[in-house]
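Visitor: Please put the model up, and I will ask about its overall build and its domains.

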Amino acid sequence: MSIQDEFISTVSHEMRTPLTSIRGFSQTLLSSWDRIDDDNKKKFIKIIEEQSNRLINLVENILTVSKANAGTIVMKKVFVNASINSIIPMFKEQYKTHKIKFVPQKDLPPARLDDDKLQQIMTNLIDNGCKYSPEGSTVTITTELKNESLYIKVKDEGVGIRKEDFAKLFKKFSRVENHLTSKTQGNGLGLYITRQLVENMNGKITFESEENKGTTFIVTFPVYNEEEVLKCSQKS
Ligand code: ADP
């Protein structure tokens, strides 16, 4: 299979699952509206919303990889804690099986970033943290200001990554075998895109991992003084 055919095949597969679920729940709601109680109605609509969010993230990732969207980074003054905080409820809802903990550093100065891209990065990392860790475990997100850099960490208690697989991680379309890869949806684009986005915003991404103990992804961004942040907000 050519890399293009493979791409189309994995993406169609990833789209089919949420689309089937959206269609199924909308059809049920339409055909049996009067017979479904309010609690279940709400539950079904929530699933439709969650699956739509999943599709939106997938399309964002595809657009980024196809570069159609790569040039549109708009650096502005961003309150990182508030930005991350706004996407946490979506994950708590989607992964009821996990504990999702956000530990923000207080009084973090504003950063110079593209807010949408930051959320795309965090979505990919938190999604992976949940996908590759067992039910009941905790995914912890922290922010910290250290050595004139902003550190954002996503730590899980999952399957971890073998040393021999480290090099494959950020490659396009590269999935790494573990006992959860076959159970989870994925196309091997998430980390490739995440690194591109981080680097496009002058950041760095690294990770620490131990098999069967867990993985921590560490994203760092340079910190600018208030004046520089302000200057860039006025420009864009
Ligand atoms: P996908 O999740 O779609 O397979 P990614 O590019 O996001 O693609 O990740 C590439 C591979 O890296 C995954 O297939 C998985 O094996 C591994 N991986 C990513 N995040 C984690 C994590 N938090 N813990 C363990 N393995 C991970």
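Visitor: Which radius of gyration does the protein have, against that of a compact globule?
Guide: This is a predicted model, where local features need pLDDT of at least 70, side-chain atom pairs count only at pLDDT 80 or more, and totals for chains, interfaces and linings use all residues. Residues are numbered from 1 along each chain as its sequence is written, and side-chain values use heavy atoms, with hydrogens and water left out. The globule rule is 2.2 Å times the number of residues to the power 0.38, and the radius is taken over C-alpha atoms. For 236 residues a compact globule would come out near 18 Å, which agrees with the protein's radius of gyration of 19 Å.

Visitor: What pattern do the helices and strands follow along the sequence?
Guide: Helices (H or I, at least four residues) and strands (E, at least two) are DSSP runs, numbered from the N terminus. The protein has six helices and seven strands. Read in order, the pattern is α-α-β-α-β-β-α-β-β-α-β-β-α.

Visitor: How much area do domain 1 and domain 2 bury between them?
Guide: The bounds, from an automatic or database domain assignment, are 3–70 for domain 1 and 76–228 for domain 2. Contact (heavy atoms within 4.5 Å) takes in 17 residues of domain 1 and 19 residues of domain 2. Buried area is the accessible area (1.4 Å probe) that two parts lose on being put together, summed over both. Carbon and sulfur atoms carry 50% of the buried area, which is about 1700 Å².

Visitor: Which side chains meet in a salt bridge between the domains, and which element gives the largest share of domain 1's side?
Guide: A salt bridge is a side-chain nitrogen of Lys or Arg within 4 Å of a carboxyl oxygen of Asp or Glu. The count between domain 1 and domain 2 is one, and Arg-54 and Asp-127 form a salt bridge at 3.9 Å, N to O. Helix H1 (3–32) and helix H2 (38–65) are the elements giving two or more residues to the side of domain 1 that touches domain 2. The largest share of that side, 10 residues, comes from H2.

Visitor: Where do Lys-46 and Glu-49 lie?
Guide: The structure holds eight salt bridges. The side chains of Lys-46 and Glu-49 meet in a salt bridge at 2.8 Å, N to O. These two residues are three apart, about one turn of the helix, and both lie in helix H2.
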